[in-house]
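Biologist: I have a new model open and want to learn to read it. Can you take me through the features one by one?

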Amino acid sequence: MIFERAARREFAQAAAGISVALLAILTSTQLIRLLKDAAGGRIAPEAVASLLGFAALNFMPVLLSLTLFVAVLLSLSRVYRDSEMVVWFSCGQPLTAWVGPVVRFALPLVVAIAVLSGFLSPWANYNTADYKQRLSVRSELSQVSPGSFREVKSGQRVFFVEALADDASRVGNVFVASIQEGRLGVVMADTGTQETADNGDRFVVLEQGRRYEVEPGTPAFRIMEFERYWVRTQDGEATPAERLPNRMPLDDLVRSAASGVAGAQGELVWRIGMPISALILALLAIPLSYVNPRAGRSANMLIAILIYAIYSNLLSVSQAWVSQGKLSFWVGVWAVHALMLLPLLLLFYRRVAIRMPWQRREG
């Protein structure tokens, strides 16, 4: 019990540090991408925090799986480097005695990965798509931020306002550039208000300004001064996000897979495979943690990274083949994991046995 508590404590400390580092890297990368989209007008600035949270839920299963694998690998590698494993073997304990503590430490994380990949990640995917859909149909004025240019309607119209009231009812120092019937029009006004017509249409009414209109490639140029200029800013109609397989709840996904939908079967292969692969990787880390002083400390890490990359790519290929109908669903569920069990058993045997069966006895 003392040994198991110490092992769990070391696993937990390593997992905490690794998860924080990986989460910071992935979150920073995603945040930079979202800020770039917000600066380009593809998403609203106020949506960045929500979309970042949804993205974190989406990549959390992979993050936890990698955290579990690396935490066990680094902890046991330290045991080898500090010669504690020599003492362990001298007491008559085999390498397989580490399986119990590793499995008991890994089970809570495996359950968390199963919940995330089965329920929370699809929910996050659907809400991300639904949120973007609702943001894309908002009125142009509601998407404008004071002091910044904002493209709407795929760049067909550009808004700039210097000041905006809290309720977006009044704007100041307005610039609007739009393309209509092949002509470029630029409108500048001192102030503007938001009004609703009797039929429900919404407009921005610009006051005391000018409109410049030019047809590209021709010398035609017109300047018009106005007291009031009406610009329609009608909200679009938001439609529910499409129910793709990676956005489906688990019960709907199982029903679709049972009815023979290839895309749903491929997604189900992925969701089932994530927790299973996490457990197998944690067990693989036990024999992979062996440190050979002659080979250097980084040799086992390179092999571990290679095995993780192969396992992850095989899962993706299996999901794609099942989705495309090239592979049976039942074969896709177990084939990759059965294939990875072979190096697991071979590595354990290599560390436990004195010599491999094909090696000759000397003398």
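Modeller: We will go from the overall layout to helix pairs, then strands, then single residues. Keep in mind that this is a predicted model.

Biologist: Start with the layout. How many helices and strands are there in the protein?

Modeller: The protein has 8 helices and 6 strands. Read from the N terminus, the elements run α-α-α-α-β-β-β-β-β-β-α-α-α-α.

Biologist: What share of the residues counts as buried?

Modeller: Of 363 residues, 41% are buried. The cut-off for that is under 20% relative accessible area.

Biologist: And what share of the contacts joins residues 24 or more positions apart?

Modeller: Take the contacts with a separation of 6 or more. Residues 24 or more positions apart account for 58% of them.

Biologist: Now helix pairs. How do I describe two packed helices?

Modeller: Two packed helices are described by the angle between their axes and the distance between those axes. Try helix H2, residues 48–81, with helix H7, residues 299–323. Their packing angle is about 155°, and the axes lie 12 Å apart.

Biologist: Why do H2 and H7 count as roughly antiparallel?

Modeller: Angles over 145 degrees count as roughly antiparallel. H2 and H7 pack at about 155°, so the two are roughly antiparallel to each other. The crossing of H2 past H7 is right-handed.

Biologist: Which residues make the contact between H2 and H7?

Modeller: H2 brings Val62, Leu66, Phe69, Leu73, Leu74 and Ser77. H7 brings Asn300, Met301, Ala304 and Tyr308. By class, the contact of H2 with H7 has 8 nonpolar residues, 2 polar and no charged.

Biologist: Give me another pair. What are the angle and axis distance for H6 and H7?

Modeller: Helix H6 covers residues 262–288. The axes of H6 and H7 cross at roughly 165° and come within 8 Å. H6 is therefore roughly antiparallel to H7. H6 also passes H7 in a right-handed crossing.

Biologist: How do the residues of the contact of H6 with H7 divide by class?

Modeller: There are 15 nonpolar, 10 polar and 1 charged in the contact of H6 with H7.

Biologist: On to the strands. How many bridges join S3 to S4, and in which sense do the strands run?

Modeller: Look for bridges, then for direction. Strand S3 (residues 170–180) is joined to strand S4 (residues 183–196) by 10 bridges, and the two run antiparallel. To find the register, pick facing residues. Valine 176 is opposite valine 187 in S4. Isoleucine 179 is opposite leucine 184 in S4.

Biologist: What lies between S3 and S4?

Modeller: S3 and S4 form a hairpin, with 2 residues between them. Check the backbone in the turn: glutamate 181 has a positive phi of about 55°.

Biologist: Where else is there a positive phi in a residue other than glycine?

Modeller: Glutamine 208 has a phi near 55°. This residue lies in strand S5, residues 202–214. S5 pairs with S4 in the antiparallel sense, over 12 bridges. In that pairing, alanine 189 faces glycine 209 in S5.

Biologist: Now single residues. Is glutamate 267 buried or exposed?

Modeller: Compare the relative accessibility with the cut-off. Glutamate 267 is at 9%, so it counts as buried. This glutamate is found in helix H6. Setting aside neighbours within four places in sequence, glutamate 267 touches Pro245, Asn246, Leu253, Gln319 and Ser323.

Biologist: Why does serine 256 count as buried?

Modeller: Serine 256 counts as buried because its relative accessibility is 17%. The serine sits in helix H5, residues 250–258. Beyond neighbours within four places in sequence, its contacts are Met248, Val261 and Ala264. Sequence gap and spatial gap are separate readings. Serine 256 and leucine 268 are 12 residues apart in sequence, and their C-alpha atoms are 9.8 Å apart.

Biologist: One last residue. Which contacts does glutamine 30 make?

Modeller: Leaving out neighbours within four places in sequence, glutamine 30 is in contact with Leu52 and Ala55. Glutamine 30 lies in helix H1, residues 2–39. With a relative accessible area of 18%, glutamine 30 is buried. Leucine 52 is 22 residues away along the chain, yet the C-alpha atoms of the two are separated by 6.9 Å.

Terms used:
Residues numbered from 1 in each chain as written. Predicted model: local features only at pLDDT ≥ 70, side-chain atom pairs only at ≥ 80, totals over all residues. Heavy atoms only, no water. Axes fitted to C-alpha atoms, helices over the stretch in contact; angles between N-to-C directions. Helix = DSSP H or I, 4+ residues; strand = E, 2+ residues; numbered from the N terminus. Parallel < 35°, antiparallel > 145°, perpendicular 65-115°, else oblique. Left-handed = near helix turned anticlockwise from the far one by under 90°. Contact = heavy atoms within 4.5 Å. Nonpolar A, V, L, I, M, F, W, Y, C, P; charged D, E, K, R; others polar. Pairing = 2+ DSSP bridges. Buried < 20%, exposed > 50% of the residue type's maximum accessible area, 1.4 Å probe, protein only.
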